[in-house]
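Open the model in your viewer and keep the selection panel at hand. The stops below go from one element to the next.

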Amino acid sequence: MSSKYFDNAATTKVKGEVFNKMLPFFSNQYGNPSSMYTLGRSARRALEEARKKVADLINANPSEIILLGGGSEADNTALKGIAHKYKEKGNHIITTKIEHPAILNTCKSLEKEGFEITYLDVDNQGFINIEELKKAINNQTILISVMYANNEIGTIEPIEEISKIAKERSIIFHTDAVQACGNIPIDVKKLSVDLLSLSGHKLYGPKGTGALYIKEGIEIESLINGGHQEKGKRAGTENVAGFVGLGEACKLAKESINTHYKYLKKLRDYYISQIEQNIENTQLNGSREERLPGNANFSFKGVDGGAILLKLDELGISASSGSACSTGNPNPSHVLTAIGLNEEYAKSALRITFGEDNDISDVDYLVRCIGKIVYELRKDIDK
Ligand SMILES: *Cc1c(COP(=O)(O)O)cnc(C)c1O
């Protein structure tokens, strides 16, 4: 299927099968999962089936999954939940400079409560340095949180190595795997992570749904207090339709993960080679090898990324720029700054993230459009 949507890291389209699975739970299947009669029990059953499908995607046990309202909530629940539960043990947390705002701003909030946060630097491809991580650990360190893969530049962090270091020192390890889940195979048992965040709308499921994996034996303080739902770790009547959709999206993601990975990688590699062959003065941001299959982030020297974005939009093409300028913030993104791009390169970044609806002809069209736009914008500057 052909599509001009190239912003699948921002959100994805709900799959038809997912939507159809959700529908009954907006109409005749409206029971409350906590009710004991048949209607409630059938909602409970659907919820537990969904939980199993989420667990299966990452090779967790269903009892280790909390269903909640998205990736940001999962990140908040993980960081605040661990910080508050284990504060007697220490007040130090280690994370990185390139995390999603759901992590960075949660850390800022914890700093106000008296927690000390170390924000690790990354190299020019976006990797943390393992030696620096080791050095940052002290006897107050209770938690390490490093994202699985970066949402802007696609760099995949050495999660297994980090996890090993955390384990050797009995420090809890959380990873924000929102961008990785559904795009690359993940096995929490093999990785030995303690907590992992994922989000429904980044893997062709509904917005406002997500999950937090919490390894058996790890405890958290609840963020949302109220009823006994989700074992008291996330109160509130469950979003049954949403979680059914999340579960179905995870099931479909698991079934197709290898073909999906290869398909996205093929589009991405073709796009990268076409851009590099056809447009001068470009630079691929992030790692060439250890990279999300659907992510390609390029800087087009001297051209404003936001301007490219607007011109693409006029052609019906959706993409993302490297700065937060789409949200009214003119500063280059914290990620591009952290990998050491100067302002000229940081402000000229364009993030393309492919999805299952894109095909090779979409890439050809996209490259032609970007080529023309960059050429015109550079001509304007030279005048
Ligand atoms: C999108 C995203 C989030 C936030 O997820 P929501 O479901 O939109 O709250 C967190 N972390 C990363 C890396 C993301 O890409």
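**A helix on the sheet**

Select helix H4, residues 101–112, which lies across strand E2 (92–96), E3, strand E4 (141–145) and E5. The helix H4 runs at about 150 degrees to E3. Note that this is a predicted model.

**The whole sheet**

Next, select the strands together. They form an open sheet of seven strands with mixed pairing, in the order E1-E7-E6-E5-E4-E2-E3. At its edges are strand E1 (65–68) and strand E3 (116–120), each of which pairs on one side only. From one strand to the next, the twist averages 20 degrees.

**One strand pair**

Now restrict the view to strand E5 (residues 172–176) and strand E6 (residues 195–199). These two pair in the parallel sense over three bridges. To find a bridge, pick His174, whose bridge partner in E6 is Leu195.

**A second helix**

Add helix H2, residues 38–57, to the selection; helix H2 packs on the sheet and touches E1, E6 and strand E7 (210–214). The direction of H2 makes about 115 degrees with that of E1.

**A surface patch**

Finally, show the surface and select Phe19, Leu23 and Phe26. These residues make a nonpolar surface patch of about 330 Å². Phe19 is found in helix H1, residues 16–22. Why can Phe19 count towards a surface patch? Patch residues need over 30% relative accessible area, and Phe19 qualifies on that criterion because its relative accessible area is 46%, which makes Phe19 partly exposed.

Key: Residues are numbered from 1 along each chain as its sequence is written. This is a predicted model: local features need pLDDT of at least 70, side-chain atom pairs count only at pLDDT 80 or more; totals for chains, interfaces and linings use all residues. Side-chain values use heavy atoms; hydrogens and water are left out. Patches are made of residues with over 30% relative accessible area and no salt bridge: like charges are joined within 9 Å, nonpolar side chains (Val, Leu, Ile, Met, Phe, Trp, Tyr) within 5 Å. Accessible areas come from the Shrake-Rupley method with a 1.4 Å probe; for residues, only the protein chains shown count as cover. A salt bridge is a side-chain nitrogen of Lys or Arg within 4 Å of a carboxyl oxygen of Asp or Glu. Helices (H or I, at least four residues) and strands (E, at least two) are DSSP runs, numbered from the N terminus. Buried means under 20% relative accessible area, exposed over 50%, partly exposed in between (1.4 Å probe, protein chains only). Two strands pair if DSSP finds at least two bridges between them. Axes are lines fitted to C-alpha atoms, for helices over the stretch in contact, and angles run from 0 to 180 degrees between N-to-C directions. Contact means heavy atoms within 4.5 Å.
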